[in-house]
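Trainee: Please take me through one part of this model in detail, beginning with a charged residue and how accessible it is, and then following the contacts and spaces around it as far as they lead.

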Amino acid sequence: MPEGPGGLTSAAAPAGPGTPNSAAIPPPPPAYPPYPGTAEPKKKRGLLIAAIALVVIMVLCVGGGVLAFLTLRNAETGEGAKEPTVAVDEFLTAVYKDRDATKAASRVCAASRDDDKIAAKVAEVQKYASTYQNPRFRWTTPKVDNQTGERATVSTRLTMTTADEKVADQELRFTVVQKTGWWVCEVA
């Protein structure tokens, strides 16, 4: 063994009590592989979103179908008048003589039936009855001006006469339609 200036060389130096010997210590054991059951499950958000969208579309389609059925079915309740002139006469009788909004509404087609407007017209007639001395309403026999298939235009002259000899006339034109009989749809 060659000796250096200070004695033995570091390559051949014996291992002392505090110096580790690389040949005496074995390498550390390899790490264990990860446990296969701890893997995070794959997320299927695309499938979930598609399922939710499909459910929403189905609900909208079914709801829309039911709404369309209820709206478009024949909403006329009861039977309309046998003739367009009879429908107008019954409507005028309900408003001006009977002063019954419910009865008047039963002569109006479902598409134009507005209970508030009909009640307002009957209330207006009631107001005339309380404002003027014994008002009487009469009208000329309704006359069909034009009739095509399921639609007719009917006209009449409405006259209000009071006990103190006041007279007021009004020309009225009705649009009447046929569904389950004849129904008043418009008054002009």
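Mentor: Arg157 has a relative accessibility of 36%, which puts it in the partly exposed class (buried is under 20% relative accessible area, exposed over 50% and partly exposed in between, with a 1.4 Å probe and protein chains only). This is a predicted model, in which local features need pLDDT of at least 70 and side-chain atom pairs count only at pLDDT 80 or more, whereas totals for chains, interfaces and linings use all residues. Residues are numbered from 1 along each chain as its sequence is written, and side-chain values use heavy atoms, with hydrogens and water left out.

The partner of Arg157 is Glu171, and the closest N and O atoms of this salt bridge are 2.6 Å apart (a side-chain nitrogen of Lys or Arg within 4 Å of a carboxyl oxygen of Asp or Glu). Arg157 belongs to strand β5 and Glu171 to strand β6, so that the contact joins distant parts of the chain, 14 residues apart (strands are DSSP runs of E, at least two residues, and helices runs of H or I, at least four, numbered from the N terminus). Glu171, at 47% relative accessibility, is likewise partly exposed.

The whole structure holds eight salt bridges, and several others repay a look. Lys143 and Asp145 pair at 3.9 Å, N to O, and with Arg173 these two residues make up a network of salt bridges; Asp145 is partly exposed at 33%. Between Arg107 and Glu90 the closest N and O atoms lie 2.7 Å apart; since Arg107 sits in the loop between α3 (101-105) and α4 while Glu90 is in helix α2, the pair ties together parts that are 17 residues apart in sequence. The two ends of this bridge fall into separate accessibility classes, Arg107 being buried with 14% and Glu90 partly exposed with 31%.

The loop that carries Arg107 also holds Cys109, which is tied to Cys185 in strand β7 across 76 residues of sequence. Their sulfur atoms are 1.8 Å apart, and this is the one disulfide found (a pair of cysteine sulfur atoms within 2.5 Å). The S-S torsion is about 130°, so the link is right-handed. Cys109 and Cys185 are both buried, whereas Cys61 is exposed at 52%.

Strands β5 and β6 lead on to the pockets: together with α4, they each give two or more residues to the lining of the second largest one. A pocket is an open set of points on a 1 Å grid over the protein atoms alone, with protein on both sides within 12 Å along at least five of seven lines, and its lining residues have an atom within 4 Å of a point. This second pocket contains about 160 Å³ of space, and the residues lining it include Tyr128, Leu158, Asp169 and Gln170. Its lining is made up of seven nonpolar, two polar and three charged residues.

The largest pocket has a volume of about 330 Å³, and its 17 lining residues include Phe91, Lys117, Ile118, Lys121 and Val187, which lie nearest its centre. Lys121 also lines the second largest pocket. Helices α2 (84-97) and α4 (115-131), with strands β6 (167-178) and β7 (182-187), each supply at least two residues of the lining of the largest pocket.

Technical notes. 1 Å grid on protein atoms, 1.4 Å probe; cavity = no way out; pocket = protein on both sides within 12 Å on 5 of 7 lines; lining within 4 Å. Points joined across faces, edges and corners; volume = space filled by probe spheres on them. Nonpolar A, V, L, I, M, F, W, Y, C, P; charged D, E, K, R; others polar.
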